[in-house]
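Please go through the structure below with its helices, aromatic rings and charged side chains in mind. The text after it takes these topics in turn.

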Amino acid sequence: MARPREFDEAAALDAAVQCFWTRGYEATSVRELADSMGITGASLYNAFGDKRALYRRALDRYVEQSFLDRVGRFENHMPPRAAIAAFFDEIIRRSLADKDRKGCMLVNSALEVAPHDPEFQRVVADVLVQVESFFRRCVAAGQGDGSISSAQSAHDMGRFLLSTLLGIRVLARTRPERALLEGLVRPVAALLDP
């Protein structure tokens, strides 16, 4: 009979997210992970597998607690245009509050891990498709109720909003300036105006 785990797996996974998010995949050692998670190396391997498997679980957890949580709070609970604005407002607010300049773990993964790992390339691409789809749905709904301009297709606007989000996330790591980040969003608002 297997012994029950003597640690809180969710808390350990949250600690792994913070460790990977702060240092990146390559710069994070298994020893640092185990120490930050408050478990032994053997417990880490038994519970989560190797470093790569743990990184995958940590990235999934990050996406669940950030993007999916945000969509759940905004989509279908706010008018479409307000959902888009609230999404960008929260991203900017979180970016400015990030004193360690960790940025977005998903974007970090897209730049560090995905180019060299086909599985992570698919994982990151799938999440970016979900982000684009969220924006597209909001734009289409706003075009339907007249709160968003129909001058551009919902598909094109979804892609444009995704690219704006990625730009904010990358710039915030090196230039976390409110005026700069908000300046990236103002043209978005103008394009959405009916």
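Two residues are in contact, or touch, when they have heavy atoms within 4.5 Å of each other. The model discussed here is predicted.

In that sense of contact, E75 touches F134 and R137, leaving aside residues up to four places away in sequence. E75 is found in the loop between helix 4 and helix 5. Its relative accessible area is 14%; the cut-off for a buried residue is under 20%, so E75 counts as buried. The side chain of E75 also makes a polar contact with the side chain of R137, at 2.7 Å.

F134, one of the residues that E75 touches, leads to the aromatic residues. F134 belongs to an aromatic cluster together with F67, F87, F88 and F135. A search of the whole structure gives 12 aromatic pairs. A pair of aromatic rings is described by the distance of the centres and the angle of the planes. For F67 and F87 the ring centres are 6.3 Å apart and the planes stand at 70°, so this pair is edge-to-face. The pair links distant parts of the chain, with F67 in helix 4 and F87 in helix 5 (residues 80-97), 20 residues apart. Both F67 and F87 are buried. R70 lies over the face of F87, 5.4 Å from the ring centre.

Another of the pairs is made by F20 and Y25. Their ring centres are 6.1 Å apart and their planes are at 20°, so the pair is stacked. F20 and Y25 are both buried. Over the ring of Y25 sits the charged end of K51, 4.5 Å from the ring centre.

The remaining topic is helix 3. Its residues are 41-48, and the buried ones are L44, A47 and F48. These buried residues cover an arc of only 80° around the axis, which puts them on the same side of helix 3. An α-helix has 3.6 residues a turn, so residues three or four places apart point the same way. What covers the buried residues of helix 3 includes helix 1 (9-23), helix 2 (30-37) and helix 4 (51-74). After helix 3 comes G49, with a positive phi near 85°.

Helix 3 also falls within an annotated span: an unreviewed UniProt entry lists residues 29-48 as "DNA-binding region". In the model, residues 29-48 are 80% helix and 0% strand, and the end C-alpha atoms of this span lie 15 Å apart.

Notes
Residues numbered from 1 in each chain as written. Heavy atoms only, no water. Buried < 20%, exposed > 50% of the residue type's maximum accessible area, 1.4 Å probe, protein only. Helix = DSSP H or I, 4+ residues; strand = E, 2+ residues; numbered from the N terminus. Arc of directions from axis to C-beta. UniProt positions renumbered as here; feature names shortened; annotations may be inferred. Phe/Tyr/Trp six-rings, centres within 6.5 Å; stacked < 30°, edge-to-face > 60°. Lys NZ or Arg CZ within 6 Å of the ring centre and 35° of its normal. Polar contact = N/O pair within 3.5 Å; in protein donor to acceptor, adjacent residues only side chain to side chain.
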